[in-house]
Amino acid sequence: MSTYPLLSLAIWIPIFAGLVVLSTGGDRNAPLARMLSLAGAVAGFLITIPLWTGFDVANGGMQFVELGAWIPRFNINYHLGVDGISMLFVVLNAFVTIIVVAAGWEVVKVKVAQYNAAFLIMSGLMNGIFASLDGVLFYVFFEASLIPLYLIIGVWGGPNRVYAAFKFFLYTLFGSLLLLLSLMYLFINSGGSFSILEWHKMPIALGPQIWLFLAFLIAFAVKVPMWPVHTWLPDAHVEAPTGGSIVLAAIALKLGAYGFIRFSLPILPDASHELSAVVLGMSLIAVVYIGFVALVQEDMKKLVAYSSIAHMGFVTLGFFMFSPLAVEGALVQMVSHGFVAGAMFFCIGVMYDRVHSRQIADYGGVVNTMPKFAALFMLFSMANAGLPATSGFVGEFMVILAATKFNFWVAFAAATSLIVGAAYTLWMYKRVVFGDVTNHHVAELSDINKREFAILGVLALCTLGMGLYPQPFTEVMHASVNDLLRHVAISKIQ
Amino acid sequence: MEMQKLYLLVPLAPLVGAMIAGLFCRVIPRWVAHTATIAGVAIAFIASVIIFKDVLAGHTYNGAVYTWLTSGDYNFEVGFQIDTLTTTMMLVVTFVSLMVHIYTIGYMQEDPGYNRFFSYISLFTFSMLMLVMSNNFMQLFFGWEAVGLVSYLLIGFWYTRPTAIFANMKAFLVNRVGDFGFILGIGLVLAHFGSLDYQTVFEKAPELAATTINIWGAADWSLMSVTCICLFIGAMGKSAQVPLHVWLPDSMEGPTPISALIHAATMVTAGIFMVARMSPLFELSTTALSFIIVIGAITALFMGFLGIIQNDIKRVVAYSTLSQLGYMTVALGASAYSVAIFHLMTHAFFKALLFLGAGSVIIGMHHDQDIRNMGGLRKYMPITWITSLVGSLALIGTPFMSGFYSKDSIIEAVALSHIPGAGFAYFAVLAGVFVTAFYSFRMYFLVFHGEERFGKADDAHHHEHHGDHDDEETSHDHHHGLAPGQKPHETPWVVTLPLVLLAIPSVLIGFIAIGPMVFGDYFKGVIFIDHHAHPAMEHLSEHFHGAVAMGVHSLTSLPFILALSGVVVSWFFYMKRPDIPAAIQRRFSAIHTLLENKYYFDKFNEAVFAGGARLLGKVLWRGGDVAIIDGLIVNGSAKVVGWISSITRLFQTGYVYHYAFTMIIGVFVLMTLWINRA
């Protein structure tokens with residue numbers, strides 16, 4: 001194991017870089033701010049690579065652990081560590097940060113330093129969420145990460161950005177308060193510990209488990225977002241700038257799902273089993289209901305936002321079937337969704353930058369003027385529709401197969417996404433990309449430039465690579481997922 | 001060791017070709033694109049021949065290439081199973097693909113998407129080979145969807161044409177309906193067999209033959225029946241069986257070479273191949289076989305009827321493909337898997353020939369596809385004429401030609417089958433013989449014989465589009481035609497050579513192959529039949545006394561008489577007395593309308609499924625998300641908060657004594673509670 005505090009570096013390098021970028025000040029230093037941001041993002045990504053390469057796949061416990069006292073009086077510690085479940089998200093997050101900085105390169109022209117700084121700081125904070133093993137530390141990162149995202153939507157967003165930012169903030173704040181209460185309860189009843197790993201072991205009676213489970217459910221369901229607390233997401237996406245949408249889809253949505261697997265399942269195994277039907281029901285509604293809603297959207301970003309909700313339905317569905325195939329499928333789906341949804345939002349951003357509209361009706365025949373773009377957009381649309389050999393297939397396939405074993409009708413409902421997911425994605429693609437050129441905006445489009453091509457190309461390689469050979473992603477999960485499921489199978493009621 | 005490298009070479013060579021032509025399609029000249037892809041497919045074909053010989057020598061193979069994914073106790077691998085069934089498919093796919101590649105040089109000559117087209121068809125060849133060579137369900141599904149993707153790309157190849165981009169989406173979505181069943185079937189296999197490897201699953205199948213599962217209510221369902229029917233739903237999508245057939249006629253929007261390769265010879269037969277591959281499973285469920293034979297029989301007969309009234313040359317062939325796929329499905333249902341594969345093979349040759357012949361006619365007619373504008377083409381296009389005649393004769397089952405041996409075997413097998421539905425199927429396939437002969441020769445006579453109807457000045461739509469030069473390059477197949485006085489011309493050698501090369505097996509392959517393939521040991525150990533439960537094949541082989549005897553015997557049999565009368569009637573109707581079909585059409589206008597509307601499947605789907613889904617989406621969105629969740633709950637709770645704060649505001653009067661009073665009450669209440677608790 002490495003002697004360097006890799007996780008601390010993964011958290012603090014982007015934050016430090018963000019502060020440096022912020023110090024460049026006004027927009028006359030914009031080129032410098034961009035270069036510094038890119039350097040910070042790349043450094044932040046490079047530091048996470050040893051996490052993957054140096055990861056011991058046989059070890060299901062926490063690795064790269066760092067432990068130091070923070071507020072000794074309340075036994076709050078600066079306690080970091082990753083296992084096979086969280087490690088990939090640190091790497092993914094750092095990777096997406098580069099994409100985001102590159103995505104805003106020429107597009108963001110006002111408050112460049114502040115824009116990039118917000119993303120870098122957020123990236124560090126989110127790494128903190130995935131790496132925290134202390135409840136308070138987790139909560140601080142969890143809440144702090146809201147602020148940059150709130151600012152990104154509120155400052156660089158669209159015309160209705162204040163409403164969207166506010167809705168986003170209120171929704172998630174509501175959940176956060178319940179989360180805080182739950183953490184206090186666990187602190188008191190564990191005899192004064194904020195260690196998440198201690199909480200995993202502490203016995204809790206069924207009654208409190210149920211209450212805590214519901215509190216966690218609300219807190220995390222809002223973030224995922226699960227039906228019926230999902231309506232903030234389409235609004236937030238519509239108003240967010242492209243980079244904001246990418247981070248929102250690729251990373252922020254993963255936080256809620258991560259909360260389920262780090263808190264709800266291991267701390268409250270009995271309640272998780274008791275109430276699994278509720279979560280499965282909500283997940284299936286997300287898959288089916290949201291799929292149909294996505295079908296009739298007229299705004300491309302809303303459509304992809306709804307499709308994100310449907311795809312995240314597979315994640316929560318997988319977690320609560322309690323089998324390795326299902327849980328790993330859910331985790332794979334989380335990573336894949338990072339690539340695919342990120343790419344889809346970037347594609348929409350590419351068109352928006354040129355035409356300044358997200359309405360499907362304002363497009364048609366884009367392939368005639370942007371053939372290279374159309375080809376890459378096709379790849380990501382197919383990945384969004386879950387085509388084999390793309391990453392979008394792997395997680396859905398695993399979850400559907402696991403569901404058939406769990407209950408035929410759960411699988412039946414989940415598998416409808418094969419049809420509905422293809423319908424909304426391809427129908428949008430058809431109306432936007434195929435056909436004759438419909439208006440002068442489309443006629444004047446210029447194909448993607450080198451920067452855009454590089455971003456989409458890298459994402460395409462990730463999508464295809466993960467689809468053709470997902471083994472490297474899943475092999476790091478096995479030990480941790482098996483440990484988790486063994487743990488969840490044991491009752492905590494004494 | 002050497003052979004394993006060769007196995008890999010078969011799919012990878014076309015893939016490399018596809019990548020060269022695809023990734024660099026905008027920079028490389030045309031000859032590079034077609035040389036690279038043709039070389040790739042030719043290598044695949046040669047390697048397939050070598051592998052075929054090796055397999056005949058007894059060297060089969062089953063092994064993994066790499067581990068795709070492990071999870072829990074499950075292991076998903078990419079791997080190959082090389083046996084006689086695989087090699088048969090490999091030979092058919094690579095040979096037809098090679099012919100189509102060569103043909104494309106001529107057919108797509110003027111198209112700006114030339115390189116892209118070659119890239120797609122090579123990518124298709126790769127996907128199809130991965131599908132047939134797979135040794136597990138996961139990779140089968142990979143190939144299954146990948147060929148669907150390429151089919152989507154190719155149907156929408158002329159992406160500015162509204163009909164094409166509608167057709168390709170429709171094809172993809174209808175196939176996804178099939179895949180929906182398919183993935184549930186695969187899920188059931190994994191759940192109950194614990195593996196997706198063919199070998200493991202097939203070995204375990206007899207143990208689970210009597211297993212029942214509880215799906216709905218208290219009833220016990222046979223695991224095998226549910227699994228097999230789910231898997232077969234996948235085949236219904238891909239192999240276009242009623243009611244999931246609706247995408248195939250529309251797929252004719254794609255360029256003709258791919259209609260031959262994908263929508264006739266290879267991809268659409270993937271479902272047939274799949275069921276034959278799964279014979280150890282399907283044999284355990286007579287229920288599933290009954291379902292299959294009925295679906296197949298409906299497709300065979302009723303899709304044939306639709307062929308009669310089509311006027312687009314490609315659509316006639318398309319409906320004939322649907323009908324022939326129905327025949328193959330019927331064979332599967334009768335447990336005559338080897339016969340289904342045999343018909344798949346003969347059909348691949350003569351149907352590819354017919355499609356490519358139709359494409360040749362289309363080139364000769366300057367992209368007019370309406371057979372009412374043709375006639376007498378035999379004078380102008382002799383090679384196309386002769387080869388199309390060969391293809392048609394093979395299709396209708398002329399004794400000693402390839403289609404005869406396969407189709408007659410199907411009819412005989414169904415006659416000997418006793419599973420529920422076999423009686424109806426026997427009637428359907430017999431009646432289908434007459435129908436097939438009738439529509440095939442209707443087309444043949446209208447195209448190649450009779451009055452020359454082309455180049456007429458009253459060809460209105462031709463004029464309308466003639467000046468439309470923007471359109472000319474991208475929209476190809478329709479909208480053109482011969483100018484007045486212009487004559488059709490024979491096509492260049494790159495087009496006619498594949499016709500000739502396909503005509504040879506269309507004549508000979510049945511005669512050569514029927515002995516070993518259907519009645520010999522060719523599929524021993526590959527296709528499994530429970531002779532006790534489904535004895536049709538066993539009885540059939542008792543009747544077989546060699547290919548020559550079979551041909552001679554047939555001359556006095558019912559199918560031959562039906563086929564012959566189909567030809568004679570169509571000649572009489574369309575060459576001798578063209579007023580008769582017109583009179584029949586008037587007389588039975590209700591039936592004609594029904595056929596014109598293709599039994600209203602499209603209208604029903606558009607109204608009920610597409611319209612219903614859009615309506616449901618609107619209701620859930622406007623009603624659920626906007627009205628209830630946002631309107632009532634989110635904004636509602638904001639209002640409640642506002643209301644509560646408006647009340648609490650009343651308490652914030654600013655008078656100290658109000659606050660003091662409230663405080664006293666609060667302390668009093670708390671103290672009371674505290675004391676009571678103690």
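Leaving aside its neighbours within four places in sequence, which residues is A414(A) in contact with? In this predicted model, the list runs L284(A), V287(A), F314(A), L317(A), V399(A), I400(A) and A403(A). A414(A) is worth a look for another reason too: the largest nonpolar core has 445 residues, and A414(A) and A352(B) are the ones that touch the most other members. As a general point, nonpolar side chains in soluble globular proteins tend to be buried together.

**The two chains**

Here are the basics for each chain.

| Chain | Helices and strands | Span of the C-alpha trace along the principal axes | Residues and buried share |
|---|---|---|---|
| A | 23 helices, two strands | about 70 × 55 × 40 Å | 494 residues, 64% buried |
| B | 28 helices, four strands | about 115 × 65 × 60 Å | 678 residues, 55% buried |

What about the overall build of chain A? For 494 residues, a compact globule would have a radius of gyration near 23 Å, and the 21 Å of chain A agrees with that. Now take the contacts in chain A with a separation of 6 or more: 81% of them come from residues 24 or more positions apart. For chain B, the figure worked out in this way is 81%.

**The hairpin in chain A**

Strands β1 (residues 63-71) and β2 (residues 76-82) of chain A pair in the antiparallel sense, over six bridges. If you want one pair to find on screen, try G68(A), whose bridge partner in β2(A) is Y78(A). Together β1(A) and β2(A) make a hairpin, with four residues between them. In that turn sits N75(A), which has a positive phi of about 60°.

**Around S195(A)**

S195(A) lies in a loop of chain A, between α7 (161-189) and α8 (196-201). Is S195(A) buried or exposed? It counts as buried, because it has 20 C-beta neighbours inside 10 Å. Apart from neighbours within four places in sequence, S195(A) is in contact with H79(A), L133(A) and D134(A). P472(A) is another matter: S195(A) and P472(A) are 277 residues apart in sequence, and 30 Å separates them in space, C-alpha to C-alpha.

**Where the chains meet**

How many residues of chain B are in contact with chain A? There are 44, and they touch 41 residues of chain A. On the chain B side, β1 (61-71), α5 (137-155), α6 (162-193) and α27 (601-651) each supply at least two residues. The largest share is that of α6(B), with 16 residues. Sorted by class, this side of chain B has 28 nonpolar, nine polar and seven charged residues.

**An enclosed helix in chain B**

Why is helix α10 (residues 256-265) of chain B described as largely enclosed by the rest of the structure? Ten of its ten residues are buried, so the description follows from that count. Those residues are T256(B), P257(B), I258(B), S259(B), A260(B), L261(B), I262(B), H263(B), A264(B) and A265(B). The elements covering the buried residues of α10(B) include α3 (84-107), α4 (114-133), α5, α9 (247-250), α14 (313-333) and α15 (337-364) of chain B. You've already met α5(B), since it also supplies at least two residues of the side of chain B that touches chain A.

Key: Residues numbered from 1 in each chain as written. Chains lettered and ligands numbered in written order. Predicted model: local features only at pLDDT ≥ 70, side-chain atom pairs only at ≥ 80, totals over all residues. Buried ≥ 20, exposed ≤ 12 C-beta atoms within 10 Å, placed from the backbone. Contact = placed C-beta atoms within 7 Å. Nonpolar A, V, L, I, M, F, W, Y, C, P; charged D, E, K, R; others polar. Rg over C-alpha atoms; globule rule 2.2 N^0.38 Å. Pairing = 2+ DSSP bridges. Core = buried A, V, L, I, M, F, W, Y, C linked by C-beta atoms within 7 Å.
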